[in-house]
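Subject: Handing over a structure

Hi,

Here is the structure I said I would pass on. Have a look at it first, and then read my notes underneath.

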Amino acid sequence: MSQNNKQSPVGLFLSFFLKAIVIILGLVILAMSAYLIKTIISNKNAEKEKKADDSAFEDNQKDELLVNNATNSDALLYEDAEAASEEAKNDGSLSKDASIVVLNATDVPGVAGKWKDKLVEAGYTNVQAGDYTKGILDVSKIVVVTEGTGTALQEFLPEAKMETLPANEVQCSVNTEGVEAFLIIGTPDVVY
């Protein structure tokens, strides 16, 4: 007895459809593998080129002539900006973006604001104004947080007394966190 092995048209379609999907998935896997290998190889080559480019610009030799004749203000010779900034502070100057607070220690309103405007006109960019809460002063003060800095501020107040104190010890109406210098304006330096 012979059996009839005929498949229905739907069964025949599904059989070819599954075979086609398997072949297509195989090709997609093959293509993705080739792409992955190509990407890995190109990334390794890019890393090698970057290392070669970086090492081409390294100068491990010291320029003796420049180093021996350098002064403290030659910031370009320092490896990092902090060392240059520290040297700048040691020569008595504050950077133009140093945090400075001008305090009114008089009974005349608006004095700190006027002095703040003077500092801004001179190029200082981080200046606040406020009131000195410890009382009225007969002599202006320049208070710096780091000893040896702030001498450039004496051009504004040549008769002022210089002091070094931690910022949180200056009694005033403004936040003192991060402040590097205070100009406490006394009665002789009132500007109208």
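Below is what I found, from the overall fold down to single residues.

First, the ground rules. This is a predicted model, so local features need pLDDT of at least 70 and side-chain atom pairs count only at pLDDT 80 or more, while totals for chains, interfaces and linings use all residues. Residues are numbered from 1 along each chain as its sequence is written, and side-chain values use heavy atoms, with hydrogens and water left out.

**The overall layout**

The chain has four helices and five strands; here helices (H or I, at least four residues) and strands (E, at least two) are DSSP runs, numbered from the N terminus. Starting at the N terminus, their order is α-α-α-β-α-β-β-β-β. Of the 192 residues, 24% are buried, where buried means under 20% relative accessible area, exposed means over 50%, and partly exposed is in between (1.4 Å probe, protein chains only). If you take the contacts with a separation of 6 or more, 68% of them are between residues 24 or more positions apart; a contact is heavy atoms within 4.5 Å.

**The sheet**

The five strands form an open sheet in the order β2-β1-β5-β3-β4, with mixed pairing. Two strands count as paired if DSSP finds at least two bridges between them. At the edges sit β2 and β4 (161–164), each of which pairs on one side only. On average, neighbouring strands are turned by 20° against each other, direction ignored; the axes are lines fitted to C-alpha atoms (for helices over the stretch in contact), with angles from 0 to 180 degrees between N-to-C directions.

In more detail, β1 and β2 are parallel and share five bridges, and β1 is also joined to β5 by five bridges, again parallel. Asn104 faces a partner in each of these strands: Asp131 in β2 and Ile185 in β5. The pairing of β3 with β5 is antiparallel, over four bridges, and there Lys141 stands opposite Ile184.

Take a closer look at β5. Five of its five residues are buried, so β5 is largely enclosed by the rest of the structure. Ala181, Leu183 and Ile185 point one way from the strand, and Phe182 and Ile184 point the other way.

**The cores and α4**

A nonpolar core is a set of buried Ala, Val, Leu, Ile, Met, Phe, Trp, Tyr and Cys residues joined through side-chain atoms within 4.5 Å. The largest one has 21 residues, and Ile100, Val102, Leu119, Leu153, Leu157 and Leu183 have the most contacts inside it. Two or more residues each come from β1, α4, β3 (141–144) and β5 (181–185), with α4 giving the largest share, four residues. A second, separate core has 13 residues, including Leu103, Ala105, Val143 and Cys172.

Which residues of α4 are buried? They are Val111, Ala112, Trp115 and Leu119. They cover an arc of only 90° around the axis, which puts them on the same side of α4; the arc is that of the directions from the helix axis to the C-beta atoms. Among the elements covering these residues are β1, β2 (127–131) and β5. After α4 comes Gly123, with a positive phi near 110°.

Val111 in α4 is buried, with a relative accessible area of 0%. Its C-alpha is 6.1 Å from that of Val190, although the two are 79 residues apart in sequence. Beyond its neighbours within four places in sequence, Val111 is in contact with Asn104, Thr106, Ile185, Val190 and Val191.

**Thr106**

One last residue to look up is Thr106, in the loop between β1 (100–104) and α4 (111–121). Its relative accessibility is 11%, so Thr106 counts as buried. The Thr106 side chain makes a polar contact of 2.6 Å with the side chain of Asn104. For a polar contact, a pair of N or O atoms must lie within 3.5 Å; within protein, one must be able to donate a hydrogen and the other to accept it, and residues adjacent in sequence count only if both atoms are side-chain atoms. A polar atom of the Thr106 side chain also lies 3.1 Å from the backbone nitrogen of Val108. Leaving out residues up to four places away in sequence, Thr106 touches Val111, Ile136, Ile185, Gly186, Thr187 and Val190.

Cheers
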